[in-house]
Amino acid sequence: MLINHRFANGTKLPLGTTRMRIAHISDIHVGLPPDGMKSLVDKRILGTLNFLLRRRRKIHLDWLAGAVDRLQALQPDWIVCTGDLTSVSSPLEFALAEGFMAPLLELCPERFLYVPGNHDVYVSDRRCEKALAHAFSYLNSQRWDLTDLPVEFSHGETRFFVVQECLPTNWFLSSGRVPEEAVDTLLGWLDQPRQPGEKRVLVGHFPLLDGHGRALGRRRRLANAEGLRQALADGRLDVSLCGHIHSPFTRREESGSLEVCAGALTVAGKINLVEIAPNEGNVSQTWFDISDPRIAEGV
Ligand SMILES: [Fe+2]
Ligand SMILES: [Fe+2]
């Protein structure tokens with residue numbers, strides 16, 4: 001029996017899809033000069049200086065037009081963005097980022113998925129939180145509020161688990177944490193028996209491990225994620241899609257499960273394409289390079 005699937009708002013997606021193409025991007029990191037005095041006296045001043053003095057030179061927002069063309073050619077069923085749209089989560093940055101994402105939403109109407117990165121949840125500031133809430137709702141086609149996460153839904157045989165892992169941290173941390181309740185909910189879902197052909201995809205900002213299977217440094221890692229790491233290692237999860245680390249990587253677990261960090265789209269220029277063929281049991285992965293559109297490197 002195929003999975004019935006409805007979003008919280010009642011959107012129903014077609015049943016019986018046998019092949020799923022997920023295009024995955026991350027970490028575009030738009031940045032702008034400080035907006036207001038308040039942003040000069042908290043962690044935003046550090047993030048803004050980091051952007052203006054260091055990161056801005058590496059970021060190619062001009063590559064985003066090429067990303068739209070490439071994604072159009074790939075004709076994905078879903079486009080997934082795993083966070084860090086902004087540098088310091090300011091309302092102006094979110095507005096700019098939403099503008100960059102708008103053509104991608106048009107490519108995949110109702111099939112664009114966004115989770116926040118730690119830079120999108122940078123400080124406890126009401127205006128920033130409101131801007132994030134707007135971006136989250138807009139980019140996810142008003143399916144959920146941020147407080148609804150974690151959520152799960154199925155499209156054909158592919159079952160998505162969407163998790164919010166970010167919270168404001170002190171000046172020296174870029175770490176995240178899966179809330180206790182979210183861990184319980186996610187592991188409860190992962191312990192359920194699979195529907196025939198079901199493939200399971202986790203969508204979050206932080207890699208569970210690095211490209212070599214090692215824990216990330218304490219300042220950058222995802223806390224409270226042991227259960228999810230185990231689920232990927234033992235095959236209860238088939239795919240983990242993430243960003244945060246700006247160099248893209250793919251890691252296969254011994255179980256065959258896959259973790260793909262898309263890296264920073266505007267720095268590394270990579271689009272991750274994951275194709276799932278449930279009936280054949282295959283999950284394949286391909287990189288597409290928008291910094292040089294002639295390259296398509298299979299992994
Ligand atoms: Fe990040
Ligand atoms: Fe990032």
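How many nonpolar, polar and charged residues does the lining of the largest pocket have, by class? The lining has 6 nonpolar, 8 polar and 8 charged residues. This is a predicted model. The report starts with the pockets, then turns to the iron sites, the cysteines and some details of the backbone.

## Pockets

The largest pocket has a volume of about 490 Å³. Its lining is made of 22 residues. Asn 50, Arg 54, Arg 55, His 119 and Ser 174 are the ones that lie nearest the centre. Helix α1, residues 44-53, gives the most to this lining, with 3 residues.

The second largest pocket holds about 230 Å³ of space. Among the residues that line it are Leu 146, Thr 147, Val 163, Cys 166, Arg 177 and Ala 182. By class, this lining has 8 nonpolar, 2 polar and 2 charged residues.

Two more residues of the second lining, Pro 150 and Leu 167, return below.

## The two iron ions

The table sets out the protein donors of each ion.

| Ion | Donors | Distances |
|---|---|---|
| Iron ion (ligand 1) | Asp 84 (OD), Asn 118 (OD1), His 205 (NE2), His 244 (ND1) | 2.1 to 2.2 Å |
| Iron ion (ligand 2) | Asp 27 (OD), His 29 (NE2), Asp 84 (OD), His 246 (NE2) | 2.1 to 2.3 Å |

Which residue bridges the iron ion (ligand 1) and the iron ion (ligand 2)? Asp 84 does, and the two ions lie 3.5 Å apart.

Take the iron ion (ligand 1) in more detail. Its donors follow the spacing D-x33-N-x86-H-x38-H along the chain. Asn 118 sits in the loop between β3 (112-114) and α4 (126-139), and His 205 in the loop between β7 (199-203) and β8 (222-223), so this pair ties together parts that are 87 residues apart in sequence. Asn 118 is buried, and His 205 is buried too. The angles among the 4 donor atoms run from 89 to 157°, and the site is irregular.

Now the iron ion (ligand 2). In sequence its donor residues are spaced D-x1-H-x54-D-x161-H. Asp 27 and His 29 are both buried. Why is the arrangement around the iron ion (ligand 2) irregular? The 4 donor atoms subtend angles of 88 to 176°, and this makes it irregular.

## The bridging residue

Asp 84 deserves a second look. It lies in the loop between β2 (78-81) and α3 (91-107). Its phi is near 55°, a positive value in a residue other than glycine. Is Asp 84 buried or exposed? Asp 84 counts as buried, because its relative accessibility is 1%.

## Cysteines without disulfides

How many disulfides does the structure hold? It holds 0. A disulfide is a covalent bond between the sulfur atoms of two cysteines. The cut-off used here is 2.5 Å between the sulfur atoms.

Start with Cys 81. The closest cysteine sulfur is in Cys 166, 12 Å away, which is too far for a bond. Cys 81 is buried, with a relative accessible area of 1%. Its partner in that comparison, Cys 166, is one of the residues lining the second largest pocket.

Next comes Cys 242. Its sulfur lies 4.7 Å from the closest cysteine sulfur, in Cys 261. That is also too far for a bond. Cys 242 is buried, with a relative accessible area of 0%.

## Backbone details

Where is the cis peptide bond? It joins Leu 149 and Pro 150, with omega of about 5°. Pro 150 lies in the loop between α4 and β4 (151-155). Both Leu 149 and Pro 150 line the second largest pocket.

Asn 224 has a positive phi of about 65°, although it is not a glycine. Asn 224 is found in the loop between β8 and α6 (226-233). At 17% relative accessibility, Asn 224 counts as buried.

Leu 167 is another residue in the lining of the second largest pocket. Its place is in the loop between β5 (158-162) and β6 (176-177). Leu 167 is partly exposed, with a relative accessible area of 37%. How far apart are the C-alpha atoms of Leu 167 and Pro 116? They are separated by 9.6 Å, while the residues stand 51 residues apart along the chain.

Key. Residues numbered from 1 in each chain as written. Chains lettered and ligands numbered in written order. Predicted model: local features only at pLDDT ≥ 70, side-chain atom pairs only at ≥ 80, totals over all residues. Heavy atoms only, no water. Donors = N, O, S within 2.8 Å, 3.2 Å for Na, K, Ca; no water. Tetrahedral: all angles 85-135°; square planar, octahedral: opposite > 155°, others 65-115°. Helix = DSSP H or I, 4+ residues; strand = E, 2+ residues; numbered from the N terminus. Buried < 20%, exposed > 50% of the residue type's maximum accessible area, 1.4 Å probe, protein only. 1 Å grid on protein atoms, 1.4 Å probe; cavity = no way out; pocket = protein on both sides within 12 Å on 5 of 7 lines; lining within 4 Å. Points joined across faces, edges and corners; volume = space filled by probe spheres on them. Nonpolar A, V, L, I, M, F, W, Y, C, P; charged D, E, K, R; others polar.
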